[in-house]
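Trainee: Please pick one part of this model and take me through it closely, strand by strand. Then follow it outwards to whatever connects with it.

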Amino acid sequence: MNVTGPETGGGIGDPIQHGGNLSRARALFGQALEPWVDLSTGISPHSYPHSPLPGNVFARLPEVASAEKLKALAAGAYGAPSTAHVAAGPGTQILLPMVADLVVGKGRAAVLSPTYAEHARAARLAGFEVLETADLNRLAEADLAVIVNPNNPTGRIVGRDELLALAAIMRGKGGLLVVDEAFMDVSEASSVADAVDAGGLAVLRSFGKFYGMAGLRLGFVISHPETVARIESRLGPWAVSGPALHVANEALGDSQWRQAMRMRLKEDATRLDALLAAAGISVMGGTSLFRFIRDPRAQAIFRHLGEHGILVRRFEERPDDLRIGLPGESDWPRLEEALKTIERAK
């Protein structure tokens, strides 16, 4: 894969804007209908139906046995070679700078872009000079290479063979390839989590997006056991809360629910595509948790939906791009009604 496009270096800069900021949306659209329909994230609208939390789950420190069970279930669900290859933490956001800091000698980091902006920021915070590029070949020049696969927000997929070839290059010079598989649960792409034992490769997996529980804050690093040990030493004890352990141990062990939810999300994405097509909006990519749009009317579409109390994700640096997540079951009528009048946004 060789995608050409602009390259940027950039600095740490101001805080990055993300989806899910309803306070900002209310400031932009003060007269919008409440409650808001938040389609600005890639989080599933269907949360995992876990059992009630035990009465003492907040009073006691997380049990070591529960944490080990979580690692075993995550290894099975994500294809890691063993529990020794899995580190669990309070969300991949916390793990990003820890992983970036693993590379000895902070030279250059290269991030395949456009993508989730926090990877570049985490690399800069770790002391790297950062190149954001659309050319996959440029990543081999770096000491730290980062690929989100499937990509957020475009849905771009880099093949397994290309990833493993790049990991071998990074391994040969003591570097690291980070593959963020946050949306792999809903993809037909091949994970590379089973290949981490060779070294030079770290895979990130997010729990909250597919299971519709982003507020739980749970994520994983899958890598060589020595790398995992270094991360766990930095996280310290009790890195995952008791409530998160209770919920995730049920969810990751429920393969039947996981398979059924993949099918449901595909159906939801097809339904969303049909609504957008009826409004004259073409889908350019994405996953079954979000759709990616590139349209010269993007800012007008953003405003039109915002005035109807529907928040989608726009990108100030790429004004023609939008990302639209899946509505919850009760929110489809609101979206359909707003899209019926989208012609006025042209």
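The edge strand and beyond

Mentor: Start with one residue pair: Val86 has Ile222 in S8 as its bridge partner. This is a predicted model, in which local features need pLDDT of at least 70 and side-chain atom pairs count only at pLDDT 80 or more, while totals for chains, interfaces and linings use all residues. Residues are numbered from 1 along each chain as its sequence is written, and side-chain values use heavy atoms, with hydrogens and water left out.

Val86 belongs to strand S2, residues 86-89. Strands (E, at least two residues) and helices (H or I, at least four) are DSSP runs, numbered from the N terminus. S2 and strand S8 (residues 219-223) run antiparallel, joined by 4 bridges. Two strands pair if DSSP finds at least two bridges between them. S2 is covered on both faces. Val86 and Ala88 are buried on one side, Ala87 and Gly89 on the other. Buried means under 20% relative accessible area, exposed over 50%, partly exposed in between (1.4 Å probe, protein chains only).

Now the whole sheet. It is open, has 7 strands and mixed pairing, and follows the order S2-S8-S7-S6-S5-S3-S4. S2 and strand S4 (129-133) are its edges; each has a single partner strand, so one side of each is left without a neighbour in the sheet. On average, neighbouring strands are turned by 20° against each other, direction ignored.

Next along is strand S7 (residues 201-206), which pairs with S8 in the antiparallel sense over 5 bridges. Here Arg205 stands opposite Phe220 in S8. Helix H5 (residues 160-172) packs on this sheet and touches strand S5 (144-148), strand S6 (176-180) and S7. Contact means heavy atoms within 4.5 Å. The direction of H5 makes about 150° with that of S6. Such axes are lines fitted to C-alpha atoms, for helices over the stretch in contact, with angles from 0 to 180 degrees between N-to-C directions.

The loops of this sheet hold some backbone exceptions. Most residues other than glycine have a negative phi, and most peptide bonds are trans. Arg217, in the loop between S7 and S8, has a positive phi near 60°. Its relative accessibility is 40%, so Arg217 counts as partly exposed. The loop between S5 and H5 holds Pro150 and Pro153. The bond from Asn149 to Pro150 is cis, with omega near -5°. The bond from Asn152 to Pro153 is cis too, with omega near 20°.

A second sheet comes next. Its 4 strands form an open, antiparallel sheet in the order S9-S10-S13-S12. Strand S9 (285-287) and strand S12 (313-314) are the edges, each with a single partner strand, so one side of each lacks a neighbour in the sheet. S12 runs antiparallel to strand S13 (residues 321-325), with 2 bridges between them. In that pair, Arg313 stands opposite Arg323. Helix H8 (residues 255-278) packs on this sheet, touching strand S10 (290-294) and S13, at about 30° to the direction of S10. Helix H9 (residues 298-307) also packs there, touching S12 and S13, at about 35° to the direction of S13.

H8 deserves a closer look. Its 24 residues reach 35 Å from first C-alpha to last, close to the 34 Å expected. That expected span is 1.5 Å times one less than the number of residues. Its buried residues include Trp257, Met261 and Leu265. They pack against H2, helix H7 (242-252), S10, S13 and helix H10 (332-340). Just after H8, Gly280 takes a positive phi of about 80°.

Finally, the rings. The structure holds 10 aromatic pairs. Rings of Phe, Tyr and Trp (its six-membered ring) pair if their centres lie within 6.5 Å; planes under 30 degrees apart count as stacked, over 60 as edge-to-face and the rest as tilted. Tyr48 and Trp257 have ring centres 5.0 Å apart and planes at 85°, so they are edge-to-face. Tyr48 sits in the loop between strand S1 (37-38) and helix H2 (64-78), 209 residues from Trp257 in H8. Phe183 and Phe290 have centres 4.9 Å apart and planes at 75°, so that pair is edge-to-face. Phe183 lies in the loop between S6 and S7 and Phe290 in S10, so the pair ties together parts 107 residues apart in sequence. Both Phe183 and Phe290 are buried. The charged end of Arg323 sits over the ring of Phe290, 5.9 Å from its centre. For that, NZ of Lys or CZ of Arg must be within 6 Å of the ring centre and within 35 degrees of the ring normal.
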